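Please look at the sequence and the structure shown here. The paragraphs that follow lead through the fold, one helix and the surface.

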Amino acid sequence: HFGSSTRGFSAACPAAPPLLLPPAILCPPARMTCMGFFAPGLVTGSICWLALACVATFVQNMLFVKETPKITLAESWQLGLIVVWMSMTCMWLFWAFVYMHQLVPLIYPVHTPVLE
């Protein structure tokens, strides 16, 4: 019964939030282990984002650094670096958050038997 004093949670899932959902939905299977920030996909993806940021920095230096009457060459270079690295950091963070949320889902699927 889900409305009991234990709220439907077993001792195997002590960190379950106090919701009225069955433990099979909220608790991960026992065989899953947490690799944290060093999950292979997260590390590989982060290295790819770093490589892309380096390529974008090179492209910015070669194609977009220009001196104009209102901005010096050094200021143009600095502005380009700020734009490239801030945008790459924001995009990497968004990708990493989405990736990590897929690693640890909040609700696990409940499979129902096929009716014949």
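**Helix α2 and its surroundings**

Helix α2 covers residues 40-64, and at 1.5 Å a residue its 25 residues should span 36 Å; the C-alpha atoms at its ends are 35 Å apart, which agrees. The expected span is taken as 1.5 Å times one less than the number of residues in the helix. Helices here are DSSP runs of H or I with at least four residues, strands are runs of E with at least two, and both are numbered from the N terminus.

This is a predicted model, in which local features need pLDDT of at least 70 and side-chain atom pairs count only at pLDDT 80 or more, while totals for chains, interfaces and linings use all residues. Residues are numbered from 1 along each chain as its sequence is written, and side-chain values use heavy atoms, with hydrogens and water left out.

The protein as a whole has three helices and zero strands, and along the sequence these follow the pattern α-α-α. Of its 116 residues, 18% count as buried. Buried means under 20% relative accessible area, exposed means over 50%, and partly exposed lies in between (1.4 Å probe, protein chains only). Among contacts between residues at least 6 apart in sequence, 49% join residues at least 24 apart; a contact means heavy atoms within 4.5 Å.

Which residues of α2 are buried? They are Leu42, Gly45, Trp49, Ala53, Thr57 and Gln60. These buried residues pack against α3, which comprises residues 73-103.

The surface also involves α2. A nonpolar patch is formed there by Val55, Phe58, Val59, Met62, Leu63 and Phe64, with about 630 Å² of accessible area together. Patches consist of residues with over 30% relative accessible area and no salt bridge, where like charges are joined within 9 Å and nonpolar side chains (Val, Leu, Ile, Met, Phe, Trp, Tyr) within 5 Å. A salt bridge is a side-chain nitrogen of Lys or Arg within 4 Å of a carboxyl oxygen of Asp or Glu. Accessible areas come from the Shrake-Rupley method with a 1.4 Å probe, and for residues only the protein chains shown count as cover.

Two members of the patch may be examined singly. Val55, placed in helix α2, is partly exposed because its relative accessible area is 49%. Phe58, also in helix α2, counts as exposed because its relative accessibility is 53%. Phe58 and Leu81 are 23 residues apart in sequence and 9.7 Å apart in space, C-alpha to C-alpha.
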